[in-house]
Amino acid sequence: MQFPRPSTLQAKFLSGLATATMVLGVAFAVGFYLHMRTVLEAEVRGKARLIFHQVDAVQRYVRSTLRPRMFEVLPDQFVIEAMSSSYISREIMDGMGGDDGHIYRRVAISARNPKFEANLLERELIDHFRTHAGESLWQGYRDVDGAEFYIMARPVVFEEGCMRCHGARDDAPKELLALYGDRGFNHVQDTIGGVDLVGLSVTNSVANLQRTILGYFGFFALGAVLFFSITNLLFKVLVMNNIRRLSAMFSDNLEVTGGTELLNKLVERDEIEELEAGMQELNSHLLDARRQLEGYAENLRGMVEDRTGELLREAQERRADVELFVHLLADMRSSNTRADLWRSTLPEIGRRFRASSVSYVCTFASQNHFSWPEQSIMPELPDNWVDLLTESRTLLAADRAVIPVESSEGNAEGLLCICWDDARVARRQDYGLLQALGRQLGMAAENMTALDNLMRQKGTLQSIVEGITDPLVLMDSGYGLVTANQAARDLAMELSGGQVTNGALLELFGCSRPHGDCHISATLASGMPHVEEVVLESGRSFALNMYPIVSQMPGQDGPQAGDLLDELASGQARSPLGRIVVYARETTREKRMLSQMQQSEKMITVGKLAAGLAHEINNPLGVILCYAELLRQNLGDDQALQDLDVILRHTRHAQRVLKDLLNFARPKSSSHGACDVGAVATRIAEIFSVQATKKGVSLLSRAPSEPVMAGIGENELEQALSNLVLNALDAVPVRRGEVVVDVQEEGDGVHVTVRDNGPGVPESDWSRIFDPFYTTKEPGAGTGLGLAIVYGMLAEVGGTIDVGRDASLGGARFVMRVPVVPVAGDQQE
């Protein structure tokens with residue numbers, strides 16, 4: 001059955017909402033009115049201040065500009081219309097007032113003009129300022145002729161500039177006396193005589209404000225009604241309907257359970273009260289159900305405690321099993337040999353299974369055994385121990401268990417024997433747990449064997465890598481160093497000045513990033529070996545051999561160390577794995593020796609060619625020179641003689657070239673003696689000083705004061721050094737040239753350096769500068785044989801010559817290296 005329910009909750013909610021809305025509307029109207037009143041007051045205050053500023057501006061103009069000017073023009077007259085600041089300010093403000101509802105008055109008590117005598121309000125303000133001498137401004141609202149005005153007033157003080165017209169009557173201008181008589185005189189300086197007053201009507205503004213408030217309040221009321229209606233609808237749909245459904249559910253339940261009396265009481269209440277009463281009734285039913293459940297729980301508690309004890313014992317056993325396996329793993333990590341493994345694990349097994357003794361018997365040829373407690377006699381094995389091994393079966397006897405130790409089924413390597421003094425303990429053991437223990441011990445033993453093999457292989461590989469005398473490093477794909485041998489560490493320290501000690505060579509070779517100068521990324525991607533050459537700034541060169549490390553091929557075992565070394569040595573590799581072996585070999589000496597051999601072979605070949613050409617050409621030149629001399633003796637024509645001079649000059653030049661060719665092809669035999677390099681350098685500098693001075697070039701020679709003996713003849717050294725100095729003098733600019741000859745003894749050699757500030761030799765010409773007939777001079781200025789001859793002389797005595805660019809002077813730099821020989825005094829010692 002259904003009963004009609006009054007919507008008392010909805011009525012309460014709507015009345016409360018209406019009250020809150022009204023309070024909010026009134027508060028909003030009052031707040032808005034006060035805010036607008038404040039805005040209106042700020043506006044009229046600003047207007048009043050603006051009027052005062054205007055009055056002040058007029059009076060300042062009169063006092064500072066107009067009045068002094070009038071006294072200059074009319075010194076004996078006082079024109080009130082142009083010289084009285086009060087009169088002018090009143091006239092100007094009277095012309096502006098009236099229409100916008102503002103008034104301006106400048107009044108006084110006993111005013112000179114009765115029109116500006118202070119009224120009751122103004123006298124009140126004057127008395128106020130006289131009473132409160134510190135105040136300079138008064139503002140507020142006053143009723144003026146039935147209208148509300150905002151009044152701003154300030155006192156008028158008689159200052160020194162005002163006393164001429166308002167002070168003693170006898171001192172006042174005669175024009176004022178004639179106009180006002182005795183009124184407005186005899187005031188005292190610094191006293192308040194009147195007020196400046198500005199009034200602004202706010203009646204219309206207040207009325208407009210009230211109308212605006214009423215309009216806003218009307219809109220608010222309309223919005224409140226709309227909000228009230230929407231809220232009522234939502235409350236009814238979202239709240240009342242749900243509450244009614246809950247009430248209906250309680251009513252149905254009460255009818256079914258026989259609560260008709262309580263249901264009649266609920267009908268007399270509102271919805272919330274109905275829900276509250278229903279919840280109380282539900283609570284009482286739940287309390288009854290709880291009492292019944294507590295009775296059932298007492299019966300179950302005993303069964304739960306018994307089962308909990310069993311589970312706790314089982315959990316402790318499982319925890320002990322886990323701890324045992326954890327200890328086995330720890331023992332495997334801390335053991336170095338299989339014997340250490342068994343000595344550390346057997347006591348753990350005995351304590352876990354509460355055994356009297358535990359033994360391990362290796363069933364291989366060695367027949368080693370380990371026992372806890374230790375005993376020298378090998379434990380007795382069952383007769384079918386071979387079957388236990390082959391069938392991977394655990395034997396549980398009355399007082400012992402025999403477990404095959406195997407890493408996988410059928411791969412057993414020994415038997416584990418556990419013995420108990422109490423047969424009851426033996427019967428409680430878990431067959432599966434013992435089987436798992438044997439597997440775990442088998443895997444541990446197998447891992448120990450594999451680790452031992454790996455350590456031996458690692459030692460072998462380490463000995464091989466460290467035994468390689470050339471640098472060898474292992475890098476990953478991110479250009480990070482994995483390992484390096486001692487040769488790589490020594491080279492890294494040498495190249496970095498001791499800063500890099502871990503052997504990271506590739507950073508020193510400029511291969512520290514994936515897109516650097518090396519091709520490590522490309523080599524890893526291709527999986528093929530790569531060889532490239534790296535030249536450092538110091539001039540040292542290295543050949544880098546890169547071998548990507550191969551990965552395991554499908555269906556094959558992993559690569560062994562020997563296979564990896566064989567692949568690296570043969571230059572064959574399979575797919576890349578992300579690591580690469582870099583083998584560095586210095587080729588600086590090889591390149592230098594190869595360059596010297598090529599230069600020597602070139603010199604020999606060109607020398608033979610030059611010798612043959614010189615012999616073939618020298619004879620015709622001698623004939624030409626002889627007949628030219630005969631013609632010169634028989635001719636008297638000047639033009640013919642000049643032509644013969646040209647023939648003779650070029651013929652002798654050709655003979656000099658041939659002579660250089662012959663000297664190059666068959667250099668005069670060296671004396672293989674010794675000479676003081678410093679003395680030769682000083683003498684050459686003195687010889688060419690005249691030529692240098694004529695050209696305006698600075699020629700300096702710097703040599704040690706002690707003799708520096710070198711294994712080269714004095715004539716050969718003079719010829720070689722003369723060629724270098726002449727070349728330097730030809731290259732440097734006139735008046736600004738610098739040529740320096742340095743002699744230094746370094747190690748087992750003497751270095752003679754000739755450097756200048758000329759244009760230098762281009763780097764592209766360094767490899768050909770010592771070739772015969774190659775010259776950088778203009779055509780006809782050189783034969784190209786001077787440096788080739790110097791090169792041959794030094795090579796004959798075991799010396800060398802190199803070309804480069806001087807860092808300080810910026811020009812060419814030639815360095816001759818000649819073997820040093822002991823001084824005679826040193827030999828005697």
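In the predicted model, helix 20 crosses helix 22 with right-handed geometry. The two elements, spanning residues 677-687 and 714-731 respectively, pack at an angle of about 45 degrees, and their axes lie 10 Å apart. Helix 20 and helix 22 are therefore oblique to each other. On the side of helix 20, the contact is formed by Val677, Val680, Ala681, Arg683 and Ile684. These residues meet Glu714, Leu717, Glu718, Leu721, Ser722 and Val725 of helix 22. Classified by residue type, the contact of helix 20 with helix 22 comprises seven nonpolar, one polar and three charged residues.

A separate set of contacts involves a sheet and two helices. The sheet is open and consists of five strands in the order 6-5-9-8-7, with antiparallel pairing. Strand 6 (369-372) and strand 7 (395-396) occupy the edges; each has a single partner strand, so one side of each is left without a neighbour in the sheet. Strand 6 is joined to strand 5 (residues 357-362) by four bridges, and the two run antiparallel. Within this pairing, Val361 has His369 of strand 6 as its bridge partner.

Helix 10, formed by residues 338-353, lies across strand 5, strand 6, strand 8 (400-406) and strand 9 (412-419). The direction of helix 10 is at about 35 degrees to strand 6. Helix 13, formed by residues 431-467, also packs on the sheet, where strand 7, strand 8 and strand 9 are touched. The direction of helix 13 makes about 40 degrees with that of strand 8. Strand 8 and strand 9 are thus contacted by helix 10 and by helix 13.

The two helices that pack on the sheet also meet each other. The axes of helix 10 and helix 13 come within 11 Å and cross at roughly 165 degrees. As this angle is over 145 degrees, helix 10 and helix 13 are therefore roughly antiparallel to each other. Their crossing is right-handed. Helix 10 contributes Arg338, Leu341, Trp342, Ile349, Arg352 and Phe353 to the contact. The residues from helix 13 are Leu433, Leu434, Leu437, Leu441, Ala444, Ala445, Met448 and Thr449. By class, the contact of helix 10 with helix 13 contains 11 nonpolar, one polar and two charged residues.

How values were computed: Residues numbered from 1 in each chain as written. Predicted model: local features only at pLDDT ≥ 70, side-chain atom pairs only at ≥ 80, totals over all residues. Heavy atoms only, no water. Axes fitted to C-alpha atoms, helices over the stretch in contact; angles between N-to-C directions. Parallel < 35°, antiparallel > 145°, perpendicular 65-115°, else oblique. Left-handed = near helix turned anticlockwise from the far one by under 90°. Contact = heavy atoms within 4.5 Å. Nonpolar A, V, L, I, M, F, W, Y, C, P; charged D, E, K, R; others polar. Pairing = 2+ DSSP bridges.
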